[in-house]
Amino acid sequence: MGKSKKSKEERKRDRVIVERYHQKLTEDTLEPLYKDFLDWKKGNLPYYELTEKIHEFHKKNQKIWSMFNLNGWDDNFLIFQAKKELNLLEEKDKEKYAIWLNDFDGDNFNS
């Protein structure tokens with residue numbers, strides 16, 4: 001997928017969408033850890049299990065960080081993923097991102 005010149009408004013819109021996606025992924029990963037802290041505070045989760053949960057979160061968070069910082073915030077595939085996960089794909093996007101929307105393990109791959 002070639003890079004086309006985007007307007008300043010399009011780049012700003014894409015960045016906002018990707019930032020929302022970043023926040024969603026981070027919050028979805030933090031939520032179970034938050035619950036683990038509450039369980040620990042109530043005495044329902046041992047300290048050593050909490051530290052393991054923190055470590056697991058850290059590994060997941062590193063993957064999220066690299067997804068957004070190694071590929072770049074204007075990476076077309078990242079924008080596609082963000083729009084798809086946030087249910088923001090419009091009809092024009094379906095044509096633009098058709099290659100990624102195809103079901104590669106389904107009928108479209110084998111035809």
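These legends walk you through several close-up views of a predicted model.

**View 1. The whole chain is built from helices.**
Start by getting your bearings. The protein chain holds six helices and zero strands, so reading along the sequence gives the pattern α-α-α-α-α-α. Of its 111 residues, 23% are buried. The accessible surface comes to about 8500 Å², and carbon and sulfur atoms account for 51% of that area. How do the contacts spread along the sequence? Among contacts between residues at least 6 apart in sequence, 60% join residues at least 24 apart.

**View 2. Twelve residues form the largest nonpolar core.**
Nonpolar side chains tend to be buried together in soluble globular proteins. Here the largest nonpolar core has 12 residues, including Ile17, Val18, Tyr21, Ile64, Met67 and Phe68. Leu78, Ile79, Phe80, Ala82, Leu86 and Tyr97 also belong to this core. Helices H1, H2 and H3 (76-85) each supply at least two of the core residues. Which helix gives the largest share of this core? That is H3, with four residues.

**View 3. Helix H3 packs against several other helices.**
Look next at the buried residues of H3: Asn76, Leu78, Ile79, Phe80, Ala82 and Lys83. Their packing partners are H1, H2, helix H4 (91-96) and helix H5 (98-101). Leu78, Ile79, Phe80 and Ala82 may look familiar, as they are also members of the largest nonpolar core.

**View 4. Asn87 has a positive phi in the loop after H3.**
Follow the chain out of H3 and you come to Asn87, in the loop between H3 and H4. Phi of Asn87 is near 55°, a positive value in a residue other than glycine. Is Asn87 buried or exposed? Its relative accessible area is 69%, so Asn87 counts as exposed.

**View 5. A nonpolar patch lies on the surface.**
Phe37, Trp40, Tyr47, Tyr48 and Ile54 make a nonpolar surface patch of about 550 Å². Helix H1 (8-41) and helix H2 (47-69) each supply at least two residues of the patch, and H2 gives the most, with three. One residue to find here is Tyr47, which lies in H2. Tyr47 is exposed, because its relative accessible area of 59% is over the 50% cut-off.

**View 6. Asp14 and Arg13 form a salt bridge.**
Side chains of opposite charge can pair when their charged atoms come close. A search of the whole structure finds seven salt bridges, and one of them joins Asp14 to Arg13. Their closest N and O atoms are 2.9 Å apart. Asp14 is buried, at 3% relative accessible area, whereas Arg13 is partly exposed, at 34%.

**View 7. Charged pairs can be seen around helix H4.**
Glu91 forms a salt bridge with Lys94, the closest N and O atoms being 3.3 Å apart. Why are these partners about one helical turn apart? Glu91 and Lys94 are three residues apart in helix H4, which means about one helical turn separates them. Glu91 is exposed, with a relative accessible area of 60%, and Lys94 is partly exposed, with 40%. Elsewhere, salt bridges that share partners join Lys6, Arg13 and Asp14 into one network. Another pair to look for is Lys92 with Glu90, where the closest N and O atoms are 3.8 Å apart. Lys92 counts as exposed at 55% relative accessibility, and Glu90 counts as partly exposed at 43%.

Notes: Residues are numbered from 1 along each chain as its sequence is written. This is a predicted model: local features need pLDDT of at least 70, side-chain atom pairs count only at pLDDT 80 or more; totals for chains, interfaces and linings use all residues. Side-chain values use heavy atoms; hydrogens and water are left out. Patches are made of residues with over 30% relative accessible area and no salt bridge: like charges are joined within 9 Å, nonpolar side chains (Val, Leu, Ile, Met, Phe, Trp, Tyr) within 5 Å. Accessible areas come from the Shrake-Rupley method with a 1.4 Å probe; for residues, only the protein chains shown count as cover. A salt bridge is a side-chain nitrogen of Lys or Arg within 4 Å of a carboxyl oxygen of Asp or Glu. Buried means under 20% relative accessible area, exposed over 50%, partly exposed in between (1.4 Å probe, protein chains only). A nonpolar core is a set of buried Ala, Val, Leu, Ile, Met, Phe, Trp, Tyr and Cys residues joined through side-chain atoms within 4.5 Å. Contact means heavy atoms within 4.5 Å.
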